[in-house]
Amino acid sequence: MGRSSRSSSSRWRYINPAYYLKRPKRLALLFIVFVFGSLVVWDRQTLVREHEEELSKLNEEVTRLQNKLGEFKDDKSVTGQVNTSGKSNNANRKPNVSDDPIDIQRREKVKDAMIHAWSSYEKYAWGHDELQPQTKNGVDSFGGLGATLIDSLDTLYIMGLDEQFQRAREWVANSLDFNKNYDASVFETTIRVVGGLLSSYDLSGDKMFLEKAKDIADRLLPAWNTPSGIPYNIINLAHGNPHNPGWTGGDSILADSGTEQLEFIALSQRTGDPKYQQKVEDVILELNKTFPSDGLLPIYINPHRGTRSYSTITFGAMGDSFYEYLLKVWIQGNKTAAVKHYREMWETSMKGLLSLVRRTTPSNFTYLCEKIGNSLTDKMDELACFAPGMLALGSTGYGPDEAKKFLSLAEELAWTCYNFYQSTPTKLAGENYFFNSDQDITVGTSWNILRPETVESLFYLWRITGNKTYQEWGWNIFQAFEKNSRIETGYVGLKDVNTGVKDNMMQSFFLAETLKYLYLLFSPSSVISLDEWVFNTEAHPIKIITRHDQVEKSGVSGGQHNSETLSRARKEGRFSGN
């Protein structure tokens with residue numbers, strides 16, 4: 001027992017500092033051991049830290065290489081399509097960049113919105129033109145042509161919603177019937193149905209869509225049988241009998257008569273039948289005979305004489321897309337001599353547009369007036385908010401000074417259009433706005449029906465300038481739609497943007513245009529490249545094919561080749577946005 005105590009006591013003395021103070025050699029040895037041990041531990045920690053840094057660098061390099069590989073695949077499958085002119089159209093375009101994580105997240109949110117809108121339509125209004133979400137039923141606003149379904153086809157395709165696209169495709173193939181005793185709008189049927197079917201054909205290569213487009217176009221063609229070639233705006237799909245609405249006094253509407261060129265030219269290129277192109281080009285030739293020096297046409301045109309009637313000049317309702325298509329037909333034809341006169345007419349009209357530009361006080365918002373006779377009205381439709389995108393897209397065809405001027409104007413107008421949204425309690429825009437001295441912007445007609453024009457312009461401005469501010473504005477608008485317009489059974493407009501009271505309609509263009517442009521706003525610029533595609537006024541992308549003086553079979557086969565290439569790219573997942 002005593003021995004054990006002494007042994008324990010002798011061991012504890014080694015931790016007593018006094019023991020080492022009396023023995024300097026042992027103290028020195030202890031110090032050396034401590035220093036050596038510290039160096040070993042420190043060196044090991046350094047090695048671990050350096051190893052972690054190397055791993056981090058390797059991970060970054062792997063991610064960079066994956067992004068590069070993704071871009072390479074994108075270029076091969078989408079932007080690497082055959083350019084029929086043999087020339088590059090990359091001037092003034094933002095370079096393709098790696099997919100931003102925030103863009104991916106936002107794009108998925110927009111995709112989720114499309115899934116919600118589509119699923120609601122599929123559940124409550126399948127085969128009808130539009131969904132009334134609050135009463136959970138479908139309505140046939142366009143004669144029962146499945147407008148929302150056809151309008152949504154290319155959006156579903158681009159977003160990679162394959163199962164939904166296939167179900168819609170089967171309905172078009174097996175249930176879509178155009179033989180209806182219905183007085184259809186030539187304009188609305190062309191941009192939604194003909195445009196939607198042609199776009200689906202160009203994207204998928206499925207010839208069924210082309211045959212359907214030809215069927216409905218043939219039913220519309222008699223509308224152009226007028227003394228001047230200016231079409232009537234209404235036709236019965238089963239019996240013909242084209243005419244104009246009574247409220248126009250017998251006149252044809254400018255936008256309704258000058259916004260079929262993209263679709264009918266594309267149809268001729270893809271079928272080899274020139275009759276569609278000839279009808280719509282005759283309209284432009286007729287208008288060009290007496291085209292005014294400022295390029296601004298009133299909204300009413302006499303279809304018998306081809307003359308202009310005394311009426312409003314506007315870039316809003318009933319005028320807007322006529323000017324849009326002058327530019328876009330030039331782009332669709334790959335800017336060749338065969339379509340040069342479209343560009344010349346458009347540039348003349350843009351000189352006239354400059355005469356309508358005014359600015360407010362005190363905030364200096366830029367806006368476009370309307371004009372009747374020699375009088376200007378300080379009113380601008382939200383519909384006219386397509387103009388910033390049009391100006392940005394067209395600016396790339398000017399010389400440096402003019403390009404800068406028109407792009408700057410586009411940016412100023414886009415700021416005004418964005419403030420149409422920001423100036424209301426719901427952050428959603430009204431239908432039109434008035435501008436009064438010292439009051440800046442005042443909402444006029446205060447409903448919102450889910451229109452796309454502002455986000456369309458933000459899409460073009462982002463693609464052309466690379467300025468991410470336009471993405472932020474678009475995201476804010478999307479969030480306002482989510483907050484105010486999303487309900488359990490779809491999306492609805494607002495009866496009043498000041499109170500937020502909801503209506504009972506999910507417009508087909510919300511799926512065709514608004515959500516598509518928002519999705520593309522957060523997608524790489526190689527997805528539906530502006531060098532390879534042109535959007536019709538319903539946001540249906542149509543493949544650019546070089547125009548010559550006549551429709552050639554080579555143009556048709558080229559279009560089919562592009563469709564097949566796109567179909568392969570689609571199967572590889574290029575359009576999925578993942």
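**Why these residues carry their labels**

Colleague: Why is Asp 320 called buried?

Modeller: Its relative accessible area is 12%, and buried means under 20%, with over 50% called exposed and the range in between partly exposed (1.4 Å probe, protein chains only), so Asp 320 counts as buried. This is a predicted model, in which local features need pLDDT of at least 70, side-chain atom pairs count only at pLDDT 80 or more, and totals for chains, interfaces and linings use all residues. Residues are numbered from 1 along each chain as its sequence is written, and side-chain values use heavy atoms, with hydrogens and water left out.

Colleague: What makes Glu 453 buried or exposed?

Modeller: Glu 453 has a relative accessible area of 9%, which is set against the limit of under 20%, and therefore Glu 453 is buried. Leaving aside neighbours within four places in sequence, Glu 453 is in contact (heavy atoms within 4.5 Å) with Glu 382, Leu 383, Cys 385 and Phe 386, while Asp 320, on the same basis, has contacts including Leu 383 and Phe 386.

Colleague: Why is Lys 136 called partly exposed, and what is its phi?

Modeller: At 47%, the relative accessible area of Lys 136 makes it partly exposed, because that class lies between the buried and exposed limits. Its phi is near 60°, a positive value in a residue other than glycine, whereas most residues other than glycine have a negative phi.

Colleague: How do you know that Asp 438 counts as exposed?

Modeller: Asp 438 has 59% relative accessibility, and exposed means over 50%, so the label follows for Asp 438. Asp 438 also has a positive phi, of about 65°, although it is not a glycine.
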